[in-house]
Amino acid sequence: MSESENILEELDQILQNGLNALQQVQDEAQLGGWRTAHLGRSAPVMQVFARMSSIPKEIRQQVGQKANQVKIALENALEERSAVLRREALERKLTAERLDVTLPGRQPALGRAHPATQALDEICAIFIEMGFQIYRSPEVETEELNFELLNIPAHHPARDMWDTFHTTTPGVILRTHTSPGQIRAMREMAPHPIRVILPGMVYRYEQTNASHEMQFNQVELLAVGRQITFANLKGTLESFAKRMFGEGVRTRFRPSYFPFTEPSAEVDMECFICGGKGCGVCRGSGWLEIGGCGMVHPVVLQNGGYDPAVFSGFAAGLGPERIAMLKYHIEDIRYFWQNDIRFLEQF
Ligand code: PHE
């Protein structure tokens, strides 16, 4: 056999050995080993290149070409094997980590509205159906709006009805009721008729007990127009009580005093627990207080930009926490802001 045939056969063998060995390769690591062994610097095919100068001139070109073909064939085979291995690995991964989409999902824990917010929303929804619009008014308020413009001058004994949190800025306080919003709404809307509710938090510097908190919500009610009467006020609050507590519930108005309404009244609801007979919840009276109300005082109308000779109005302030306490038999108002999950989860 000639030397050229010898070397060419050797190259065929090199290729065959390489391809055979490649079939045994099962992963990336083995693939690296194979690359070093069959295409690395001391691989058989590379040895042939190294020997080139000692190969007779007549066959050098033929051997060179053949060696190149073998090298390229080995490189291509490596590429292919590598692709196959990658595909197999991916398939294994997909099978092993398959998602069973038929399994029932895990329910995320859902939060919910705070019971005071729920009561507030319910109250607002009822008045919105009666044609009232929600009017937002700030919780940090001036003394002027919270008191003076509501016909409560400085040093007037009526101020004692509202123990106040003051800020470090003179004349700026936390609102003690939602009534200053009456002035804001009137000043924005005068001389047009008004039908608004003002929901939100109020603050009082108060000794807390089962029925008194330092912060609580109020829903202020304000209607201003040309022929608004006390009958409208009674009708509105009576329909509200019926919607909130049931058709059969009765309401009563007790004369009272507020500097910004004249006449003023306290609105009570027949105790729905005992039906008016008297029980522990209503302390034997048969009635439960849900808020204050009255006809807007002429001075307040004037401060809001309405001529009291032409316009009249009614206003009321309801306590959503009080209402929720009655509805759900909650015996202590302090539960609302204690953030005890055992309380909150019941609503
Ligand atoms: N602002 C009064 C209070 O907080 C309630 C009230 C509102 C009374 C509107 C009359 C009219 O006590």
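Reader: By class, how many nonpolar, polar and charged residues does the lining of the largest pocket have?
Author: The model is predicted, and the lining is sorted here by residue class. Glycine counts among the polar residues. On that basis the lining of the largest pocket has 13 nonpolar, 14 polar and eight charged residues.

Reader: Which residues that line the largest pocket are closest to its centre?
Author: The largest pocket has a volume of about 700 Å³. Its lining is made of 35 residues. Closest to the centre of the pocket are Arg204, Phe216, Gln218, Glu289 and Gly292.

Reader: Which element gives the most to the lining of the largest pocket?
Author: Two or more lining residues come from each of strand 5, strand 6 (251-258), strand 7 (261-270), strand 8, strand 9 and helix 10 (320-328). Six residues of the lining belong to the element that gives the most, and that element is strand 8.

Reader: Where does the ligand sit, and which elements give two or more residues to the shell around it?
Author: The ligand sits in the largest pocket. Two or more residues of the shell around the ligand come from each of strand 5 (215-225), strand 8 (287-296) and strand 9 (312-318).

Reader: Which strand gives the largest share of the shell around the ligand?
Author: By class, the shell has six nonpolar, seven polar and two charged residues. The largest share of the shell is three residues, and these come from strand 9.

Reader: Which of the 15 residues around the ligand come nearest?
Author: A residue is counted as near the ligand if one of its heavy atoms lies within 4 Å. Of the 15 residues around the ligand, those that come nearest are His177, Ser179, Arg204, Gln218 and Glu220.

Reader: What share of the accessible area of the ligand does the protein cover?
Author: Polar side-chain atoms of arginine 204 and glutamine 218 each lie 2.9 Å from an oxygen atom of the ligand. In serine 179, an N or O atom of the side chain is 2.8 Å from a nitrogen atom of the ligand. On its own the ligand has 320 Å² of accessible area, and the share covered by the protein is 93%.

Reader: Where is proline 191 found?
Author: A cis peptide bond, with omega about 0 degrees, joins alanine 190 to proline 191. Proline 191 is found in the loop between helix 7 (180-189) and strand 4 (194-203).

Reader: Where is proline 263 found?
Author: The peptide bond from glutamate 262 to proline 263 is cis, with omega near -5 degrees. The element in which proline 263 is found is strand 7.

Reader: What is the phi of histidine 155?
Author: Histidine 155 is found in the loop between helix 6 (143-146) and strand 3 (172-174). Although histidine 155 is not a glycine, its phi is positive, at about 70 degrees.

Key:
Residues numbered from 1 in each chain as written. Predicted model: local features only at pLDDT ≥ 70, side-chain atom pairs only at ≥ 80, totals over all residues. Heavy atoms only, no water. Polar contact = N/O pair within 3.5 Å; in protein donor to acceptor, adjacent residues only side chain to side chain. Areas by Shrake-Rupley, 256 points an atom, 1.4 Å probe, with all protein chains shown as cover. 1 Å grid on protein atoms, 1.4 Å probe; cavity = no way out; pocket = protein on both sides within 12 Å on 5 of 7 lines; lining within 4 Å. Sits in = over half its atoms within 2 Å of the grid points. Helix = DSSP H or I, 4+ residues; strand = E, 2+ residues; numbered from the N terminus. Points joined across faces, edges and corners; volume = space filled by probe spheres on them.
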